[in-house]
Amino acid sequence: MIFFLAGCTPKSSGGTALARFDGTAITDKDFTQRLENVPKEVRSFASRRRKEFLNDLVAEHFLMKEAKKRGFEKDPDVVDVLESARRKILIARLVEKEVDD
């Protein structure tokens, strides 16, 4: 099973519900948005395996819920890694915008 950790918790944005679980849903719009967020190399594979990708999104929800329950989001090592990733993403976005302009 491949897990795509592109987001924390699925939030319904309207559309047809593809899966309902734990008081939330993944709609066709959510699914498409999440699919667009995976690396291009994986996107084609994931779109052909829609059911598996949807199952991965549901599993991701429950794994994230458990990680939060255990307090991992407050772990100093996790906080440091997230901050480092945040800086790199912001810098990459700046470079991307500068190249486009």
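## Overall picture

Of the 101 residues of this protein, 21% count as buried. The model is a predicted one. Its accessible surface comes to about 7700 Å², and 56% of that area belongs to carbon and sulfur atoms.

The secondary structure consists of four helices and two strands. Along the sequence these elements follow the pattern β-β-α-α-α-α. Among contacts between residues at least 6 apart in sequence, 49% join residues at least 24 apart.

## The nonpolar core

In soluble globular proteins, nonpolar side chains tend to be buried together. The largest nonpolar core in this model has 11 residues: Ala19, Phe21, Ile26, Phe31, Leu35, Val38, Ala46, Phe53, Leu54, Leu57 and Val58. Two or more residues of this core come from each of β1, α1 and α3. Helix α3 gives the most, with four residues.

Leu57 is one of the core residues. When its neighbours within four places in sequence are left aside, Leu57 is in contact with Ile26, Phe31 and Arg34. Two of these partners, Ile26 and Phe31, are listed in the core as well.

## The buried side of helix α1

Which residues of helix α1 are buried? In this helix, which spans residues 28-36, they are Asp30, Phe31, Arg34 and Leu35. These residues lie on the same side of α1, because they cover an arc of only 130° around the axis.

The buried residues of α1 pack against β1 (17-21), β2 (24-27), α2 (40-48) and α3 (50-69). Among the buried residues of α1 are Phe31 and Leu35, and both of these also belong to the largest nonpolar core.

## Salt bridges

The structure holds five salt bridges. One of them joins the side chains of Lys65 and Asp22, at 2.9 Å from N to O. Lys65 lies in helix α3, whereas Asp22 lies in the loop between β1 and β2, so this pair ties together parts that are 43 residues apart in sequence. Lys65 is partly exposed, because its relative accessible area is 42%. Asp22, at 39% relative accessibility, also counts as partly exposed.

A salt bridge also links the side chains of Glu66 and Arg70, at 2.7 Å from N to O. Glu66 is partly exposed, with a relative accessible area of 30%, whereas Arg70 is exposed, with a value of 57%. Arg70 is placed in the exposed class because that class begins over 50%.

## A charged network in helix α4

Where do Glu83 and Arg86 lie? Both are in helix α4, three residues apart, which is about one turn of the helix. Their side chains meet in a salt bridge of 3.3 Å from N to O. Glu83 is partly exposed at 32% relative accessibility, and Arg86 is partly exposed at 45%. Salt bridges with shared partners join Glu83, Arg86 and Arg87 into one network.

## A nonpolar patch on the surface

Nonpolar residues are also found on the surface of this model: Phe72, Val78 and Leu82 form a patch there. Together, these three residues have about 260 Å² of accessible area.

Val78 is located in helix α4, which covers residues 76-100. Is Val78 buried or partly exposed? With a relative accessibility of 31%, Val78 counts as partly exposed, because the partly exposed class lies between the limits of 20% and 50%.

Key: Residues are numbered from 1 along each chain as its sequence is written. This is a predicted model: local features need pLDDT of at least 70, side-chain atom pairs count only at pLDDT 80 or more; totals for chains, interfaces and linings use all residues. Side-chain values use heavy atoms; hydrogens and water are left out. Patches are made of residues with over 30% relative accessible area and no salt bridge: like charges are joined within 9 Å, nonpolar side chains (Val, Leu, Ile, Met, Phe, Trp, Tyr) within 5 Å. Accessible areas come from the Shrake-Rupley method with a 1.4 Å probe; for residues, only the protein chains shown count as cover. A salt bridge is a side-chain nitrogen of Lys or Arg within 4 Å of a carboxyl oxygen of Asp or Glu. Buried means under 20% relative accessible area, exposed over 50%, partly exposed in between (1.4 Å probe, protein chains only). The arc is that of the directions from the helix axis to the C-beta atoms. Contact means heavy atoms within 4.5 Å. A nonpolar core is a set of buried Ala, Val, Leu, Ile, Met, Phe, Trp, Tyr and Cys residues joined through side-chain atoms within 4.5 Å.
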